[in-house]
Amino acid sequence: MEQWTDNFGVQFEKDENGVVSLVKAPENIKEYAIPDYVAKIGDYAFFECFGLTSVSIPESVVEIGTCAFGYCFELASISISMSNMKLGAGVFVGCLKL
């Protein structure tokens, strides 16, 4: 399994089938546009990123894991295409500004 971190401190991994997952974002991230090569956002990937205000999720993402954006209190803007999207439990729990 290949793993790397981008310039924003966001961690990714590619499995043996070539599927790329966003694994974890740093707690201090404010805004983020997920790259269009990402297919999955992992469980708790943005959990408790208290300062996150906006995120853009490309159509390439087909799965968002459990509590992926849980308790992102400042998250007020999200760009997402929900076609054929699999959502885990509590994806946006505690996102008070959505």
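How many bridges join strand 4 to strand 6? Select both strands in this predicted model and you will find 3 bridges between them, with the two strands running parallel.

**The sheet.** Now bring in strand 8: you are looking at an open sheet of 3 strands, ordered 4-6-8, with parallel pairing. Its edges are strand 4 (31–33) and strand 8 (77–79), each of which pairs on one side only. From one strand to the next, the twist averages 0 degrees. Zoom in on tyrosine 32, and you will see valine 55 of strand 6 standing opposite.

**The aromatic residues.** Stay with Tyr32 and add Phe8, Phe46, Phe69 and Phe92 to your selection: together these five form one aromatic cluster. Across the structure there are 11 aromatic pairs. One of them is tryptophan 4 with phenylalanine 12, a stacked pair at 5.6 Å centre to centre and 20 degrees between the planes. Phenylalanine 12 is buried, at 2% relative accessible area, while tryptophan 4 counts as partly exposed at 25%.

Next, pick phenylalanine 50 and phenylalanine 73, another stacked pair, at 5.3 Å centre to centre with 10 degrees between the planes. This pair links distant parts of the chain, 23 residues apart: phenylalanine 50 lies in the loop between strand 5 and strand 6, phenylalanine 73 in the loop between strand 7 (63–64) and strand 8.

**Last stop.** Select tyrosine 44, in the loop between strand 5 (40–41) and strand 6 (54–56). Tyrosine 44 is partly exposed, at 40%. Leaving aside neighbours within four places in sequence, tyrosine 44 contacts Lys24, Thr66, Cys67 and Ala68.

Notes:
Residues are numbered from 1 along each chain as its sequence is written. This is a predicted model: local features need pLDDT of at least 70, side-chain atom pairs count only at pLDDT 80 or more; totals for chains, interfaces and linings use all residues. Side-chain values use heavy atoms; hydrogens and water are left out. Helices (H or I, at least four residues) and strands (E, at least two) are DSSP runs, numbered from the N terminus. Buried means under 20% relative accessible area, exposed over 50%, partly exposed in between (1.4 Å probe, protein chains only). Contact means heavy atoms within 4.5 Å. Two strands pair if DSSP finds at least two bridges between them. Axes are lines fitted to C-alpha atoms, for helices over the stretch in contact, and angles run from 0 to 180 degrees between N-to-C directions. Rings of Phe, Tyr and Trp (its six-membered ring) pair if their centres lie within 6.5 Å; planes under 30 degrees apart count as stacked, over 60 as edge-to-face and the rest as tilted.
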